Amino acid sequence: MLDSSRPDVRARGTGHAPSHHGELLQGCFADPAGARRNGLVTLRLDEPRTRAEFRPDPALRPGEVRVVPEDRVNTALAAETAVRVCARLTGRAVVGGRVLLSGGVPVGLGMGSSTSDLIAAVRAVADAYRISLGPQEVAGIAVGVESASDPLMLDARPVLFAQREGAVIEVLGERLPPLVVLGCLTGGGAAVDTAALPVDDYSDDEVAEFASLREEVRRAVRLGDPVLLGRVCTRSALLNQRRLPKAELPDLLGAAEEAGAVGVQVAHSGNVAGVLFRADRAGSRTRAAECARLLARDGIPVTGVFDAPGS
């Protein structure tokens, strides 16, 4: 039932969402009852990010949302779901509308572009309806549309996140250890078709190793230990070679060792990667610059240097 005492849907709603630089750890983790849950720890990025604007349009049928760029089909589906949810929660009318996306999150590199688009659009719809949807509601919409989601609807704390459930398995702590990241691209920066990747079929031995890595990443965050975190990231990258092999990984590891890095991290379903340096020691940027020279020698494109957000 519509509540005529409530203000109308705004003529314009806005929302935004961050991206990420691949994963620090990704695998399969057993819960206390022995059930297995796929999960990941992402390296969040404040920029690039997606910005979205939602404008109701009476020319469209109620509940219909069109998105620009037009190929963002899942974003349109998520925005339509958000309209129905927000109308139900507020008692306002179900409206049609248009979403305009902007921002510079690369598509297909494993930086969460699809999730970022989707979250920004959902938040823009909610803003037009004069409400804010919580992380669980946003995650539910994302997983309902795409079957998996990155944890970009959450705050900046590092978490182990069940991407196919849209649920936090564990909050690992308040912030990552201090890291400087040298970003680069594998596979020539080609987009990865995630639908073509092998189905997750982790072995018992891998699940046991992921349990150990989970304990180590928890300890690294608790102690603020970038060296231990680097070891976890490197091992996760190596384990992922069975699913999305990166021909450049041996060169990345060699350059990392030569330049004094603490490890490497990769997008487990994309081609972005990073060499990790401890930011709590002088000269980290100099070592990153030396590593960039080594990667260029090996034909690996470098994208830039940044401090890990929240570290």
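Buried means under 20% relative accessible area, exposed means over 50%, and partly exposed is in between (1.4 Å probe, protein chains only). Keep that handy for the exercises below. The model is predicted, so local features need pLDDT of at least 70 and side-chain atom pairs count only at pLDDT 80 or more, while totals for chains, interfaces and linings use all residues. Residues are numbered from 1 along each chain as its sequence is written, and side-chain values use heavy atoms, with hydrogens and water left out.

**Exercise 1.** Work out whether Glu53 is buried or exposed, and find its side-chain partners.

*Step 1.* Find the residue: Glu53 sits in strand β2, residues 36-56. Helices (H or I, at least four residues) and strands (E, at least two) are DSSP runs, numbered from the N terminus.

*Step 2.* Check the accessibility. Glu53 counts as buried because its relative accessibility is 19%.

*Step 3.* Look for polar contacts. A polar contact is a pair of N or O atoms within 3.5 Å; within protein, one must be able to donate a hydrogen and the other to accept it, and residues adjacent in sequence count only if both atoms are side-chain atoms. The Glu53 side chain has such a contact with the side chain of Arg12, at 2.8 Å, and another with the side chain of Arg55, at 2.6 Å.

*Step 4.* Widen the search to contacts, meaning heavy atoms within 4.5 Å. Leaving out residues up to four places away in sequence, Glu53 touches Arg12, Gly13, Arg98, Val99, Leu100 and Ala124.

**Exercise 2.** Describe the surroundings of Asp117 and Val122 in helix α2.

*Step 1.* Helix α2 covers residues 113-128 and holds Asp117; Val122 lies in helix α2 too.

*Step 2.* Asp117 is buried because its relative accessibility is 7%. Val122 is buried as well, since its relative accessible area is 0%.

*Step 3.* Now the neighbours. The side chain of Asp117 makes a polar contact of 3.1 Å with the side chain of Thr50. Setting aside neighbours within four places in sequence, Asp117 is in contact with Thr50, Arg72, Thr75 and Leu101.

*Step 4.* With the same kind of neighbours set aside, Val122 is in contact with Ala78, Ala82, Leu133, Val138 and Ile141. Take Val138: it is 16 residues from Val122 in sequence, and their C-alpha atoms are 7.3 Å apart in space.

**Exercise 3.** Describe how domain 1 and domain 2 meet.

*Step 1.* Get the bounds: domain 1 is 13-167 and domain 2 is 175-308. Such bounds come from an automatic or database domain assignment.

*Step 2.* Their C-alpha centres lie 26 Å apart. Domain 1 gives 22 residues to the contact, and domain 2 gives 35 residues.

*Step 3.* Add the area. Buried area is the accessible area (1.4 Å probe) that two parts lose on being put together, summed over both. Here the two domains bury about 2300 Å², 65% of it on carbon and sulfur atoms. In domain 1, the residues that lose the most area to domain 2 are His21, Leu24 and Leu109, together 27% of what that side buries.

*Step 4.* Count the polar links. Across this interface there are 10 residue pairs in polar contact, both at pLDDT 80 or more. On the side of domain 1 that touches domain 2, β1 (13-30) and β2 each supply at least two residues, and β1 has the largest share, with 10 residues. Between the two domains there is 1 salt bridge.

**Exercise 4.** Which side chains form salt bridges with Glu209 and Glu290?

*Step 1.* Learn the rule: a salt bridge is a side-chain nitrogen of Lys or Arg within 4 Å of a carboxyl oxygen of Asp or Glu. The structure holds 25 salt bridges.

*Step 2.* Glu209 pairs with Arg235, with their closest N and O atoms 2.4 Å apart. This pair links distant parts of the chain: Glu209 is in helix α4 (residues 204-223) and Arg235 is in helix α5 (residues 226-239), 26 residues apart.

*Step 3.* Glu290 pairs with Arg293, at 2.6 Å from N to O. These two are separated by about one helical turn, because they are 3 residues apart in helix α7 (residues 284-297).

*Step 4.* Finish with accessibility. Glu290 is partly exposed, at 31% relative accessible area, and Arg293 is partly exposed at 48%.
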